[in-house]
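Morning, everyone. Please have the structure open, and we will walk through it a piece at a time.

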Amino acid sequence: METRYLLVLCAAVLGLVTAGKHDIYSRHSVYNVQVRNKADQHLLHELEQQLELDIWQNGVAGVREAQIMVGPERQREFLQALELHGIQYSLHLNDVAEAFELHDRQMDTWRATRRNRKVFQDYPRYEEVNEYLEDVARRYPNLVTLVEAGKSYEGRDIKYLKISTTNFEDKSKPIYFMTTMIHAREWVTTPTTLYSIHRLVENLRTEDTDVLNDVDWIILPLLNPDGYEYSHTVRLWRKTRSNHANNPACLGVDGNRNFGKNWATIGVSPNPCSDIYPGPEAFSEQETRNVRDIMQEYLDRIQLFMDIHSFGKYVTFGYGDESLPDNAAQLHLVGSAMGAAIDARKQPQAGFYLVGNSATLMYNTSGCAQDFGQDIGIPFSYTLELPSYGYDFRVPPTYVDIINEETWHGIAASARLARSFYRVRYNAATRS
Ligand SMILES: [Zn+2]
């Protein structure tokens, strides 16, 4: 072989060895930032736009640190701004690309030893999720109905399950509606809805017969399949994959800023390249229209809507502009029952859940699923931020089992309590 060909071959092989899947995050760092008050929160959100920060977790003033990713060119400016305002910080990840490469290797090792794992014990791909939904519906036809919500922007089927011991015909039962994976990179969320299906259908335990018999369930595990599949290439992808700006470099809409309540008023960016772009109009995305349509179809019976995210250990309710729904006390009570039920089972190293109005607790937002559900008349409409056990988006599979289990107890507790309020609602509806 000629020397120059050999050199080209060597370079190619070297390229294969050194090029990493997560190279676009090379030298991106993540900082823990101590927010002291609303002014600090506001500053961080201003810097988010100016310095193209990626806020991984909103902190709670004086209680919980924010977690923020910054690119290599903006790092100095970012830290100077924090220091100028006397804001304390510490380094969480020095190089995000390296952290995700390591996580991938650990996942591969774990998978090699767990060949008989179940679909909810890993991060299943789109096809595997749909196969599981179809399989459960096929095996339990008297309990489970598979529904096609429609196609995603890129043409993937979006499916959900209806679970009912009375074929959804008993109007005296409330409906619990759960969604996961509106934000693509929050991988640990879909296992929790799949595990809930497992606990309700395949592995019902005596202590949970009431939540199956007395509640009907609508469970949508993969709200944004396009974004989710894309996040297996670009790991921190958050949005849908639609193209509104006619710019292939800036695709997608933040699904959880695209709902029609206070749409595009606060906590968003008009820049289509931004991770918090709310879309050209409310419900511009098929994926959010699916959720809206389910809510409206069953509005008289949906008692509780739970949109599950990662990460932070929060149960929050509306509204994102700091105003409170009339039944805020009940919302706080049911949210607390959920958080407390999870806390009772969590591992010691996890912190406690925080419960409250999303804007008061963290920061103002608009166009969220939680707010839309509340606004159109769902009595208990929540966002749940799952724990990460210190691992941010890289939750190891050993913690997926723990999070599934503890979260299920929270879901069951909130179902029981929300159901007790439904009797009043149902009696009033049938009297009039
Ligand atoms: Zn999220």
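**Helix packing, strands and loops**

Let's start with two helices. Helix α9, residues 286-297, packs with helix α12, residues 369-376, at an angle of about 25°, and their axes are 11 Å apart. Keep in mind that this is a predicted model. Angles under 35 degrees count as roughly parallel. So α9 and α12 are roughly parallel to each other. The crossing of α9 past α12 is right-handed.

Which residues of α9 meet α12? They are R292, M295 and Q296. On the α12 side, they meet A369, F372, G373 and I376. By class, that contact has 4 nonpolar, 2 polar and 1 charged residues.

Next, the open sheet. 8 strands form it, with mixed pairing. Follow the order with me: β5-β6-β8-β7-β9-β12-β10-β11. Which strands stand at the edges? They are β5, at 144-151, and β11, at 354-357. Each has a single partner strand, so one side of each is left without a neighbour in the sheet. From one strand to the next, the twist averages 20°.

Now go to strand β7, residues 175-180. β7 and β9 run parallel, joined by 6 bridges. Pick out T180: its bridge partner in β9 is I308.

Two helices go with this sheet. Take helix α6, residues 189-202. Helix α6 lies across β5, β6, β7, β8, β9 and β12. Its direction runs at about 145° to β7. Then there is helix α13, residues 397-431, which packs on the sheet and touches β7, β8, β9 and β12. The direction of α13 makes about 155° with that of β9.

Let's move to strand β1, residues 29-33. Is β1 mostly covered or uncovered? Mostly covered: 5 of its 5 residues are buried. S29, Y31 and V33 point one way from β1. V30 and N32 point the other way, and these are buried too.

β1 has bridges to two strands we have not met yet. One is β3, residues 66-70: 5 bridges join β1 to β3, and the two run antiparallel. Within β3, I68 is the bridge partner of Y31. The other is β4, residues 89-93. Here 4 bridges do the joining, and again β1 and β4 run antiparallel. Look for V30, which stands opposite L93 in β4.

Now for some backbone details. Which residues does a cis peptide bond join? One such bond joins S310 and F311, with omega about 15°. F311 is in the loop between β9, at 302-310, and β10, at 314-317. Another cis peptide bond joins G318 and Y319, and there omega is about -5°. Y319 falls in the loop between β10 and α10, the latter at 328-343.

Last, two asparagines. N246 has a positive phi of about 55°, although it is not a glycine. N246 lies in the loop between α8, at 225-230, and α9. Is N246 buried or exposed? Exposed: its relative accessible area is 71%. N262 also has a positive phi, about 55°, and N262 is not a glycine either. The place of N262 is in the loop between α8 and α9. N262 is partly exposed, with a relative accessible area of 26%.

That's the tour. Questions, please.

Note on methods. Residues numbered from 1 in each chain as written. Predicted model: local features only at pLDDT ≥ 70, side-chain atom pairs only at ≥ 80, totals over all residues. Heavy atoms only, no water. Axes fitted to C-alpha atoms, helices over the stretch in contact; angles between N-to-C directions. Parallel < 35°, antiparallel > 145°, perpendicular 65-115°, else oblique. Left-handed = near helix turned anticlockwise from the far one by under 90°. Contact = heavy atoms within 4.5 Å. Nonpolar A, V, L, I, M, F, W, Y, C, P; charged D, E, K, R; others polar. Buried < 20%, exposed > 50% of the residue type's maximum accessible area, 1.4 Å probe, protein only. Pairing = 2+ DSSP bridges.
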